[in-house]
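Visitor: I have a structure open and would like to talk through parts of it with you. Shall we put it up and begin?

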Amino acid sequence: MKNKFFLGLLSLLVLLASCNLKATVTIKKDASGTADATITVDKMLLDFVYDLQSTMATEPVERSAMITEEMVRKGLEKSQTVKLTSFNTVDQTDTQLSVGFSDINSVIEEAQTGVREKGTISRDDLENIVNFTNTTGKYKFVFFLDRSNFAKLVSILPEEATPLVTMFGPSLDENNPVTREDYYEFLNEAFSAYETPDRIRTMVDNASMTLRVKTDGSIISQRGGRIENNNTVVFEIPLMDFILLEKPIDLEVVFN
């Protein structure tokens, strides 16, 4: 079980630094909305994960996409607020999925309930990471992640996951930080049989997330992105920025 968990977590960490994510989140004034995402994974990563699985498995392993519908549905099966509405994978490298939610505040509350059961994060802690508020007709969506609140999130992970996330995630030790070069070295070692260091570095540097936040009102202000049109803000973030958190990820959209 621990070997399977380690493999899954290692694959996730490598996936974060070697894929491209394009997502559109639509938020309505009644706090309902949808999220549509396209995730593109480098074929080399599929080969890498398949070989790892084959090495650790006692029976033949079927080559499959990194993200499967079963995986997503299992992750959402206990959710009362988020529902998968569509899922499609092309050539095992491109995954398109959509989810819907009736109230983003209920989504946040559901997450808060889950972490409160762990007893390690308060409601305020989670609201400081992601929040949606309505004040006198102004609607505000906020996402803020830095090393201090990431440390709080680490505290709710399964015991087996903590060492690996601490080692290859954002540095929680300011005196011994994990650097970009450290991550390149880790990936070079993991992928040495598949690609050259230059190709790996390019793959990591090109991995990114493009997040569009659409509203059914007019954008008043934003932070961390750019206004695309009257009701849409675009955030473009290198995925390594999430992994290393050398500076906070600070995003905000205000609309009426």
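Visitor: Which residue in β6 does Thr133 stand opposite?
Guide: Bearing in mind that this is a predicted model, the residue of β6 that stands opposite Thr133 is Lys140.

Visitor: And how many bridges do β5 and β6 have, in which sense?
Guide: Strand β5, residues 130–135, and strand β6, residues 138–145, are joined over six bridges, and they pair in the antiparallel sense.

Visitor: What sits between β5 and β6?
Guide: Two residues lie between them, so to speak at the turn of a hairpin formed by β5 and β6, and Thr136 in that turn has a positive phi of about 45 degrees.

Visitor: What about the other partner, how many bridges join β6 to β11?
Guide: Seven bridges join β6 to strand β11, residues 249–255, and these two strands run antiparallel; Phe144, for instance, has Asp250 in β11 as its bridge partner.

Visitor: In what order do the strands of that sheet come?
Guide: The sheet is an open one of four strands in the order β5-β6-β11-β8, with antiparallel pairing. Because β5 and β8, the latter spanning 219–223, each have a single partner strand, they stand at the edges, and one side of each is left without a neighbour in the sheet. From one strand to the next, the twist averages 10 degrees.

Visitor: Switching to helices, at what angle do α8 and α9 cross?
Guide: The axes of helix α8, residues 180–191, and helix α9, residues 197–206, cross at roughly 125 degrees and come within 10 Å. That angle makes α8 oblique to α9.

Visitor: Is the crossing of α8 and α9 left-handed or right-handed?
Guide: The crossing of these two helices, α8 and α9, is right-handed.

Visitor: Now cavities: how many of 30 Å³ or more turn up in the whole structure?
Guide: A search of the whole structure finds one cavity of 30 Å³ or more, and the volume of the largest cavity is about 40 Å³.

Visitor: Which residues line the largest cavity?
Guide: The lining is made by Ile39, Val41, Ala65, Met66, Ile67, Gln92, Thr93, Asp94 and Thr95. By class, five of the lining residues are nonpolar, three are polar and one is charged.

Visitor: And which strands each supply at least two residues of that lining?
Guide: Those are β2, covering 33–41, and β4, covering 94–101, each of which supplies at least two residues of the lining of the largest cavity.

Methods
Residues numbered from 1 in each chain as written. Predicted model: local features only at pLDDT ≥ 70, side-chain atom pairs only at ≥ 80, totals over all residues. Heavy atoms only, no water. Pairing = 2+ DSSP bridges. 1 Å grid on protein atoms, 1.4 Å probe; cavity = no way out; pocket = protein on both sides within 12 Å on 5 of 7 lines; lining within 4 Å. Points joined across faces, edges and corners; volume = space filled by probe spheres on them. Nonpolar A, V, L, I, M, F, W, Y, C, P; charged D, E, K, R; others polar. Axes fitted to C-alpha atoms, helices over the stretch in contact; angles between N-to-C directions. Parallel < 35°, antiparallel > 145°, perpendicular 65-115°, else oblique. Left-handed = near helix turned anticlockwise from the far one by under 90°.
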